[in-house]
Amino acid sequence: MTLPATAPSATPARASSRSGLGRLLHEPSAIIGAAIVLFFTAIAIFAPFIAPYEPNTPDWMAIRSAPDAAHWFGTDDLGRDVLSRVIFGARASLAAGVVSVAVAVLIGVPFGMLAGYFGKFTDMVISRFADALLACPFLVLAIALAAFLGPSLENAMIAIGISAMPIFVRVARAQTLVVCTEDYIAAARSQGIGHVAILTGQILPNILPPIVVQATLTMAIAVLAEASLAFLGLGQLPPAPSWGSMLDVARQFLGEAPWMALWPGLAIIAVVVGFNLLGDGLNDALNPRD
Amino acid sequence: MTALLLRRLGVALPTLLLVSMMVFGLQKLLPGDPALALAGEERSPEVIEYLREKYRFNDPVPVQYAAWLGGLLQGDFGTSVRTRLPIGTMLAEKLPVTIELAFLSMLVALVLGLPIGIIAALKRGSALDYGASLFGLAGLSIPNFWLGIMLILLFSVNLGWLPAGGYVPPSESLWGNLKSMLMPAFVLGTGTAAIIMRHTRSAMIQAMKQDYVRTARAKGVKERKLVLRHALPNALIPVVTLGTLQFGELLAGAVLTEQVFSIPGFGKMIVDGVFGRDYAVVQAVVLCTAAVFLLMSFLADLAYVLLNPRLRT
């Protein structure tokens with residue numbers, strides 16, 4: 001059934017997203033952030049073609065070699081090329097960023113929408129659970145979940161996703177409360193349109209911009225969290241490369257091979273800066289009143 | 001005011017109860033038989049049966065939870081599988097170390113964040129403001145464990161000025177304690193400094209636009225007095241609230257910092273618990289961190305009410 005109430009709400013949403021995209025292209029921070037994120041995404045996708053060496057193959061003749069023409073970033077304690085491991089490590093970091101935020105969004109947003117739309121008891125139950133999850137600091141909860149689930153990249157991503165989920169419950173709930181006061185929602189209700197149709201067809205498109213902003217900023221947090229879990233030995237398991245686990249190994253050889261610690265750290269900073277700049281730029285473009 | 005605080009307390013206590021349910025539920029995530037997981041290498045049937053009886057795994061889940069919660073309310077967090085010590089005793093020993101680290105980190109955060117935020121607001125759009133924005137971005141983007149490693153490389157490995165790790169209790173040597181905590185406090189404090197800087201900047205910008213500031217300026221009040229006596233006290237209200245909340249975050253951030261600098265605190269306790277398959281320790285640390293976090297949220301509300309005269313009536 002084509003609903004007249006959908007058109008007026010969907011049209012402003014599309015118009016607003018077009019103007020939002022236009023504003024985004026005029027935000028220098030968003031452009032720089034997007035360029036950094038795209039650069040690392042390309043590196044992660046084309047890693048086998050870009051990396052000069054196989055990332056997991058030891059070279060016993062080149063243990064802890066300083067950076068030179070053969071190994072631009074030097075080699076690690078097993079003679080593996082640090083540049084190749086940094087390039088392949090982008091895969092774990094970006095996968096953690098995307099998958100864990102997807103987990104958080106796919107669970108958090110529907111619950112937040114239900115809380116905001118139905119209110120009363122539903123809101124109270126969902127909000128209290130979100131509050132309880134938020135009371136456990138993000139990293140502590142992620143460590144505990146990863147510990148109980150067992151150390152692996154997949155479990156780290158689930159742990160980070162669940163820890164980040166209440167942020168999206170809060171954002172989706174607050175935005176749904178605002179949208180629910182609009183006339184077109186009252187019109188849709190008066191026409192007898194079902195709750196599911198209103199939630200997915202009317203509310204969801206109108207609450208997406210702040211969720212996209214939050215998701216981008218949360219990716220920065222997720223990349224840092226994955227690196228932290230890997231640093232503690234709760235993320236990507238060796239010998240597969242991960243920036244966090246590379247730093248964990250590197251700190252044992254700080255005196256002899258400081259380059260082992262330098263490059264993975266700079267890569268983490270670059271990706272996190274990229275997501276933060278992109279998120280800030282998106283926020284300025286999509287929520288100009290903020 | 002009392003009604004408001006009672007209302008907040010009425011929200012905090014059920015939240016803590018829910019946290020306890022979730023923390024208890026964590027052990028249900030263990031794959032397979034939890035008694036087997038708890039037993040670790042010790043797989044003899046007697047040990048497994050003993051653990052099943054001790055943790056009431058044969059009872060229904062609500063009964064297990066009620067027994068566990070009853071123990072917590074009497075201060076019984078259980079016994080560490082790894083150290084064989086009561087977890088309550090371990091918490092009492094480790095928590096002061098982490099609280100000291102969090103206090104020193106907050107000091108670093110305030111010393112860096114407040115002045116930079118105020119200067120950035122007063123010199124809005126200048127090179128100083130852009131420098132402050134860069135500092136904010138760096139503070140939020142640099143992993144504190146990497147910053148810790150770099151500082152160890154510079155000040156311990158290369159210059160030899162500060163110890164690379166370890167903890168000296170203040171009762172043993174105050175100077176030694178400060179030396180051992182200087183780098184960890186700086187590492188942990190910079191992220192919070194960035195957050196405080198950003199909030200101070202925006203709060204000061206808002207405060208400087210208010211009518212009372214314009215009136216004071218029109219009356220000829222000097223700029224320095226205008227900032228320090230009129231704008232700053234008002235701008236600091238949200239910053240104090242934020243700082244109180246951030247203290248809870250510092251306890252969580254201490255996990256990585258303590259790991260890098262081998263500080264025997266709360267954070268190292270959870271990491272050791274994770275790798276020693278000491279699940280009761282992990283549960284106790286999560287629960288205590290959440291309790292401190294909720295306490296800090298309550299204190300933040302209290303501070304907000306006390307500092308804002310309009311809410312005091």
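**Figure 1. One turn of helix H5 in chain A sets A:Asp131 and A:Arg128 apart.** Let's start inside a single chain of this predicted model. A:Asp131 and A:Arg128 both sit in helix H5 of chain A, residues 120-135, and because they are three residues apart there, about one helical turn separates them. The two residues form a salt bridge, with 2.8 Å between the closest N and O atoms. Over all chains, the structure holds 12 salt bridges.

**Figure 2. A salt bridge joins A:Asp280 to B:Arg198.** Here we move to the boundary between the chains. How many salt bridges are counted between chain B and chain A? The count is one. In the pair shown, the side chains of A:Asp280 and B:Arg198 meet at 3.8 Å, N to O. Polar contacts between chain B and chain A add up to three residue pairs, both residues of a pair being at pLDDT 80 or more.

**Figure 3. Several helices of chain B supply the side that touches chain A.** At least two residues of this side come from each of the following helices of chain B: H1 (2-26), H6 (127-141), H7 (144-158), H10, H11 (266-275) and H12 (279-307). Which helix gives the largest share? That is H12(B), with eight residues. Sorted by class, the side of chain B that touches chain A has 33 nonpolar residues, seven polar ones and one charged one.

**Figure 4. About 3600 Å² is buried between chain B and chain A.** A handy reminder for this view: interface size is often given as the accessible area lost when the parts come together. Carbon and sulfur atoms give 84% of the area buried between chain B and chain A. Within chain B, the residues that lose the most area to chain A are B:Phe145, B:Trp146 and B:Ile149, together 16% of what that side buries. In terms of contacts, 41 residues of chain B meet 40 residues of chain A.

**Figure 5. Helix H6 of chain A packs against helix H10 of chain B.** Our last stop is a pair of helices from the two chains. H6(A) spans residues 138-149 and H10(B) spans residues 223-260; their axes lie 7 Å apart, at an angle of about 60 degrees. Because of this angle, H6(A) is oblique to H10(B). From H6(A), the contact is made by A:Leu139, A:Val140 and A:Ile143, and from H10(B) by B:Ala252, B:Val255 and B:Leu256. What classes do the residues of this contact fall into? Six are nonpolar, with no polar and no charged residues in the contact of H6(A) with H10(B).

Note on methods:
Residues are numbered from 1 along each chain as its sequence is written. Chains are lettered from A and ligands numbered from 1 in the order in which they are written. This is a predicted model: local features need pLDDT of at least 70, side-chain atom pairs count only at pLDDT 80 or more; totals for chains, interfaces and linings use all residues. Side-chain values use heavy atoms; hydrogens and water are left out. Axes are lines fitted to C-alpha atoms, for helices over the stretch in contact, and angles run from 0 to 180 degrees between N-to-C directions. Helices (H or I, at least four residues) and strands (E, at least two) are DSSP runs, numbered from the N terminus. Angles under 35 degrees count as roughly parallel, over 145 as roughly antiparallel, 65 to 115 as roughly perpendicular and the rest as oblique. Contact means heavy atoms within 4.5 Å. Ala, Val, Leu, Ile, Met, Phe, Trp, Tyr, Cys and Pro count as nonpolar, Asp, Glu, Lys and Arg as charged, and the others, Gly among them, as polar. Buried area is the accessible area (1.4 Å probe) that two parts lose on being put together, summed over both. A salt bridge is a side-chain nitrogen of Lys or Arg within 4 Å of a carboxyl oxygen of Asp or Glu. A polar contact is a pair of N or O atoms within 3.5 Å; within protein, one must be able to donate a hydrogen and the other to accept it, and residues adjacent in sequence count only if both atoms are side-chain atoms.
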